[in-house]
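This report describes a few parts of one structure: a pair of helices, a cavity and two sheets. Keep the sequence and the model in view while reading.

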Amino acid sequence: MEEVNRAVVIVCPSSAAAGIAERVKTCLVASGRVVELHGKDGVEGAGRPFSDTIAHLRELFESGVDIVALCASGIIIRALAPLIDSKFKEPAVVALARDGSSVVPLLGGHHGANDLARLIGEGLDAHAAITTAGDCSFRLALDHPPKGWRLQAPKAAGPLMARIVDGEPVSIAPELDWAKSTTLHEEEGAELRLASSLHPAEVGAGALTYSPQRLVVGVGCERGVSSDHLIAHIEKTLVANNLAPEAIGLVASIDVKMDEAAIHAAAKHFGVKARFFTASELEAQTDRLQNPSDVVFAEVGCHGVAEGAALAAAGAEGSLLVAKHKSDKATCAIGLAQLPFKDELPGKKRGKITVVGIGPGQSAWRTPEVTRAVAEAEELVGYGLYIDLLGALAEGKTRSDFPLGGEEDRCRYALEQAGKGVNVALICSGDGGIYAMGALVMELLDRALDDGGVSDDAKRAELRHMPGISALQAASSRFGALLGHDFCTISLSDLLTPWETIEQRLKSAAEGDFVVAFYNPVSMKRRTQLARAKEILLAHRPDDTPVLLASNLGREKENLRMRTLAELEVDEVDMLTVVLVGSSQSRALLRGDRSVGDHGQMAYTPRGYAKRIDATKD
């Protein structure tokens, strides 16, 4: 997975701490972080409210976002203790005193918590209570070396690291210059050693062995090869050549394999990134190949995929360390780069397009999965209003706004950007798969380029769809449970669907006695369709059938009204209104609590439990 600037959520459980929370947010935003402020009900300025601090902390932790909580350490520990599994996977969790005096990284010290604590400490002039032994003693995490290096067998290294932290002398290999710049007790010839090797080292032999990530695994494979097969073939090649998997810095292949799941699974298995090269870039390596193949050239336009990719990624100063190894379904070759791979990687990365539904508008209705996807995205694409609704989560992102009516343009643009290697989030209100961009994205992918489709690069990008709360769900919940039994949705817009088809669906829904949710009920020019829909429904259900009108759901200007079907007026509905019409069985209910529904008016559709309820009375 690509490294990203993960979202940081500041959790403020008290209005008294809101001032400190805002200062922390300013500090982190200035450092380039993506920051959200979540506050307990009543905290002003919070982008997302919550009512249960413990539950909210757990939700954030499980979603993988970094957390800065203005809570006592004990509260955070008790909240997250049941969820703690492995220090190698946990996000950063930082406790901040409510008066801003102390900052304590509790979890994920080597995954950013220590850095967050130092940054906040400097910004607030507070004490950053770093407790990680290596960081305290040497400003170095022995089990988390700098980029480009990996510790072999980290789970077995604890006893040796403890001895080093306790002050025992250690000899340091010349290649490990990053360790020499610390306050380690260095002594030539010492019993304890920090070693460097591309080869597997014996565990527990008095040394912590670090591998420079200089190896490139070049691969080729059949379409649809299993991940297990490809990973096993790579591992077999490493063992046969006495090479440490920790020394792998990159997995590489030809660009037509950019959407091959097994290649990405192999990269993930070895904890590295995958990069891809065009056939012409691989063909440029022909003179350096050990096993050029005319058969491969005839198929893909270059004389070698595995060896060519290994050499292209290793660069002009690199070399082919292991020639092509073949299985019945895959090939593998290993290149050696002159320096470890770090941030700037050769080749092209696979882009990603995520169709996200952000719900009706308020952040509390946005799923943690969507929040994480938006935080990871490099570019946000969508109708400008929807991107604006993301608030602070959109700050610092490249954004491409498209007007209403520009749906095809925005989807095509998002796909082509993903085809260029960009991580794109296509922002939809509600659910992206319900009257939104999800289906259009799929249709463009389903078409050939000369038939209005998108490029091959766009088709190879990773595609994900993430659900959101739809307007019909939100409207029903605001008033109770009108969707309690069978329902359907119908768009009254005849821009893309002939009115004759829409009217037939209306008649079928009326005859079937479905609760009906109307999307796009009216527009500035389209005023007759809703009136006709009312007429059709009234022929099959009572005049007093409850109708829910919900505008700007979850937003500042939310407007909720309940009417009967006979009372429904077209002029009361606009383009931002979703209309829900009950079935013949739907019922209105007046509650004494005027904070619910429309001044206490609620509605529901019975599912048929009356028989059971009545039976218990007898």
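## Two helices and their contact

Helix H2 passes helix H3 in a right-handed crossing. The model is a predicted one. H2 covers residues 53-63 and H3 covers residues 73-80. The two helices pack at an angle of about 65 degrees, and their axes are 9 Å apart.

Which residues of H2 and H3 make the contact? On the H2 side they are Ile54, Leu57, Arg58 and Phe61. On the H3 side they are Ile75, Ile76, Arg78, Ala79 and Leu80. Sorted by class, the contact has seven nonpolar residues and two charged ones, with no polar residue.

## The cavity

H2 also takes part in lining a cavity. The structure holds one cavity of 30 Å³ or more. The volume of the largest cavity is about 50 Å³.

The lining of the largest cavity consists of Val9, Glu36, His38, Arg48, Glu59, Leu60, Ser63, Val65, Pro368 and Thr371. Strand E2 (34-40), helix H2 and helix H13 (368-376) each supply at least two residues of this lining. Which element gives the largest share of the lining? That share, three residues, comes from H2. By class, the lining has four nonpolar, three polar and three charged residues.

The two sets of residues are set out by class below.

| Set of residues | Nonpolar | Polar | Charged |
|---|---|---|---|
| Contact of H2 with H3 | seven residues | no residues | two residues |
| Lining of the largest cavity | four residues | three residues | three residues |

## Two open sheets

Strands of a sheet pair through backbone hydrogen bonds, in either a parallel or an antiparallel way.

One open sheet is formed by four strands in the order E8-E11-E10-E9, and its pairing is mixed. Why does one side of E8 and of E9 lack a neighbour in the sheet? Strand E8 (149-151) and strand E9 (170-172) stand at the edges and each has a single partner strand, so one side of each is left without a neighbour. From one strand to the next, the twist averages 20 degrees. E9 and strand E10 (residues 192-196) run parallel and are joined by three bridges. Ser171 has Arg193 in E10 as its bridge partner.

Another open sheet has three strands in the order E22-E29-E28, again with mixed pairing. Here strand E22 (480-481) and strand E28 (587-590) are at the edges; each has a single partner strand, so one side of each has no neighbour in the sheet. E28 pairs with strand E29 (residues 601-604) in the antiparallel sense, over four bridges. The bridge partner of Ala588 in E29 is Ala603.

How values were computed: Residues numbered from 1 in each chain as written. Predicted model: local features only at pLDDT ≥ 70, side-chain atom pairs only at ≥ 80, totals over all residues. Heavy atoms only, no water. Axes fitted to C-alpha atoms, helices over the stretch in contact; angles between N-to-C directions. Left-handed = near helix turned anticlockwise from the far one by under 90°. Contact = heavy atoms within 4.5 Å. Nonpolar A, V, L, I, M, F, W, Y, C, P; charged D, E, K, R; others polar. 1 Å grid on protein atoms, 1.4 Å probe; cavity = no way out; pocket = protein on both sides within 12 Å on 5 of 7 lines; lining within 4 Å. Points joined across faces, edges and corners; volume = space filled by probe spheres on them. Pairing = 2+ DSSP bridges.
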